[in-house]
Amino acid sequence: MRSTNRSHARRTALQAAAFLVAATALLAPAQQPAPAPSAPPVVPSSPTSRFVVVLDAAHGGDDSGARIDSGSEKDVALALSVKLRSLLAARGFQVITTRESDATLDAVHRAEIANRSGAQACLSLHATESGSGIHLFASSLTPAAPTRIPAWKTAQGGFVTRSLALAGVVNSALQHANIPVTVGRTALPGVDSMTCPAIAVEIAPLHPANAAITSPADPAYQSQIAEALAAALLEWKTEARQP
Ligand SMILES: [Zn+2]
């Protein structure tokens, strides 16, 4: 008998399949950092950052303003604006003017230009034949907390306190230049709608003792005022930068 020794090799021992479960669990895909909430743009605080001054030469075009000598207030205002603009530009200010020519411009348009600019100082420039030296005016509106969408005709209310501080700095600079100053408060249609520290600067004649009266139309007088105003705005800028 033929032994059929067909022993099927059997794998009697079941090799326990050791499934080594890789302990190294697959890492979840690297998580992206959560998107940061949109942050407001960082305004650089270096001395080169934006410091905007608005110069508003009052009147113009059909509106001549007061009579000054043989000319008009609108021309004196524009001449002062041009002189002051170049002095400020030379000192690193960004200057925005409401008019550069004999253009007609209403109060709403002037305030719109000022409010779009995000200015740190707005000067409305006037001239008169009455009184003496420089008349500074801040708005007569009651100081109010600034609001995001202020009422148009009283928008300056949120800035009156700063405007009075600006008037103080300008007053000091003019007195330092030996120019007599009076400071007052009044309703100012353009300025009352401005959302920036804002004042009106009105040039009146100079009445020096024992000397001839200097007219607001005198270019040298205008230059002297422009220099003092530029010095004041430089001081205003320095104060604004202090923490
Ligand atoms: Zn005027």
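## A tour around strand β6

Start by selecting β6, helix α3 (residues 160-176) and β7: together they form a β-α-β unit, and it is right-handed. Keep in mind as you click around that this is a predicted model.

Next, colour the two strands of that unit. β6 covers residues 134-139, and its partner β7 covers residues 181-186. The two run parallel, with 6 bridges joining them. For a specific pair to zoom in on, pick F137 and show G184 in β7, its bridge partner.

Now look at the other pairing of interest. Select residues 198-203, which are strand β8. Here the direction flips: β6 and β8 run antiparallel, and 4 bridges join them. Label H135 and then E202 in β8, since you'll find the two standing opposite each other.

Stay on β6 and switch on the surroundings. How many of the residues of strand β6 are buried? The count is 6 of the 6, so the strand is largely enclosed by the rest of the structure. For that count, a residue is buried if 20 or more other C-beta atoms lie within 10 Å of its own.

Finally, zoom out to the whole protein. Buried residues account for 37% of its 243 residues. Colour by secondary structure and you should get 4 helices and 8 strands, which come along the sequence as β-β-β-α-β-α-β-β-α-β-β-α. If you have a contact map handy, bring it up last: of the contacts between residues at least 6 apart in sequence, 77% join residues at least 24 apart.

Notes:
Residues numbered from 1 in each chain as written. Predicted model: local features only at pLDDT ≥ 70, side-chain atom pairs only at ≥ 80, totals over all residues. Buried ≥ 20, exposed ≤ 12 C-beta atoms within 10 Å, placed from the backbone. Contact = placed C-beta atoms within 7 Å. Pairing = 2+ DSSP bridges. Right-handed = clockwise from strand over helix to strand, strands pointing away.
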